[in-house]
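Here are a few short exercises to work through with the model open beside you. Try each task before reading its solution.

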Amino acid sequence: MPPQVRLILISECVMRSTTCKKMFFLILFLVCFCTSYGVVLYSNDFNAGQDSLKDFETFTYTYGAGGTSEITIDSGQLKIHSQGQAKGFAVLNINSMYPQYSPILANNPGTITWAFNVSNQNLNSYSNSGCGIAIASSAANWGYYTSTAYYLGIGGYVYDRMILAYHGIETNETPIIDIQDGLPTLPSKGSFRITYNPSNSLWCFYGYMGESYIDPTTVNNLLGSVYDSTFTHDNLPYICFSSSPGIAYIDNFSLAVIPEPATLLLFALGGLLIKNR
């Protein structure tokens, strides 16, 4: 074989080997990234004006003497303004948009992460405004025992108490993580991340509270953790944001799920790399 041809063949082999290795390490990086942080199924930074609400249903629940609620986009944030004896809801049916996400939390292939920024404003000096983020079985009025839900309750309790809790139609509110020194009202702002691991029913609640929001997906300050599977086998397709009475602001919400283990993919890529060496 002429030296020129031999040199061309060697060059092609090196290039193929180098390309395969680059591809392998790129996919390995992506797999490691996905299994660490999850694949984002839904995110909303509320910067598209009222179009940011196109996936939401909105409701007002009134009781006693009644009241009103208004759900709008204000300065790039979801704003839920409830007055009187009323509670406003902005609700997403995640399962209808992303069938690969199971509303039965225990049936998901890997850890689920809900991340968001939130702040809360009282309407006057004597009220104690409350806001909530829930994973619920029905859209409207999840907080009044007409549905099953896991939820984060902020405000509406004694002082700055904040709880991650569950309740059912016939089950009273049961805190599973209880933070006595939680998020105060504005100007304090919270950046939170909640995770649930279906392999062992571990819930983790991470949070940062300060004068400004930070990227909630990067928050690693653990506020509490607990093992709980009380309602993780129930159908909970709705994500609900609410305020009662007062003003709640929500921003940079995202839902991520770690996909099924990619071990077989890695073995297949490894085999392909060896074959083409």
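**Exercise 1. Find the volume of the largest cavity, then work out what surrounds it.**

*Solution.* In this predicted model, the largest cavity has a volume of about 80 Å³. A search of the whole structure turns up two cavities of 30 Å³ or more.

Next, collect the lining. Trp114, Phe116, Ile133, Ala134, Ile135, Tyr150, Tyr151, Leu152, Leu164, Ile194 and Ile239 line the largest cavity. Then map the lining onto secondary structure: the elements giving two or more residues to it are strand E4 (112–121), strand E5 (130–136) and strand E6 (149–155).

Finally, sort the lining by residue class. The tally is eleven nonpolar, no polar and no charged. Tyr and Trp count as nonpolar in this scheme, so Tyr150, Tyr151 and Trp114 from the lining go into that class.

**Exercise 2. Place Ser244 in its strand, decide whether Ser244 is buried or exposed, and find what its side chain reaches.**

*Solution.* Start with the location: Ser244 belongs to strand E12, which covers residues 238–244. Now check accessibility. The relative value for Ser244 is 13%, and the cut-off for buried is under 20%, so Ser244 counts as buried. As for a partner, the side chain of Ser244 reaches the backbone oxygen of Ala86 at 3.5 Å.

**Exercise 3. How many salt bridges does the structure hold, and which residues form them?**

*Solution.* The structure holds three salt bridges. Let's take them one by one.

- **Lys54 and Asp55.** The closest N and O atoms of this pair are 3.6 Å apart. Lys54 counts as exposed because its relative accessibility is 66%, while Asp55, at 29%, is partly exposed.
- **Asp74 and Lys79.** Here too the closest N and O atoms are 3.6 Å apart. Asp74 is partly exposed at 26% relative accessibility, whereas Lys79 has 17% and therefore counts as buried.
- **Arg161 and Asp178.** Their side chains meet in a salt bridge with an N to O distance of 2.6 Å.

**Exercise 4. Explain why the pair Arg161 and Asp178 ties together separate parts of the sequence.**

*Solution.* First locate both ends. Arg161 sits in the loop between E6 and strand E7 (162–168), and Asp178 sits in strand E8 (residues 171–179). The pair therefore ties together parts that are 17 residues apart in sequence. To finish, check the acidic partner: Asp178 has a relative accessible area of 35%, so Asp178 is partly exposed.

Definitions and conventions. Residues are numbered from 1 along each chain as its sequence is written. This is a predicted model: local features need pLDDT of at least 70, side-chain atom pairs count only at pLDDT 80 or more; totals for chains, interfaces and linings use all residues. Side-chain values use heavy atoms; hydrogens and water are left out. On a 1 Å grid over the protein atoms alone, a cavity is a set of points where a 1.4 Å probe fits but cannot get out, and a pocket is an open set with protein on both sides within 12 Å along at least five of seven lines; lining residues have an atom within 4 Å of a point. Grid points are joined across faces, edges and corners, and a volume is the space filled by probe spheres set on the points. Helices (H or I, at least four residues) and strands (E, at least two) are DSSP runs, numbered from the N terminus. Buried means under 20% relative accessible area, exposed over 50%, partly exposed in between (1.4 Å probe, protein chains only). A polar contact is a pair of N or O atoms within 3.5 Å; within protein, one must be able to donate a hydrogen and the other to accept it, and residues adjacent in sequence count only if both atoms are side-chain atoms. A salt bridge is a side-chain nitrogen of Lys or Arg within 4 Å of a carboxyl oxygen of Asp or Glu.
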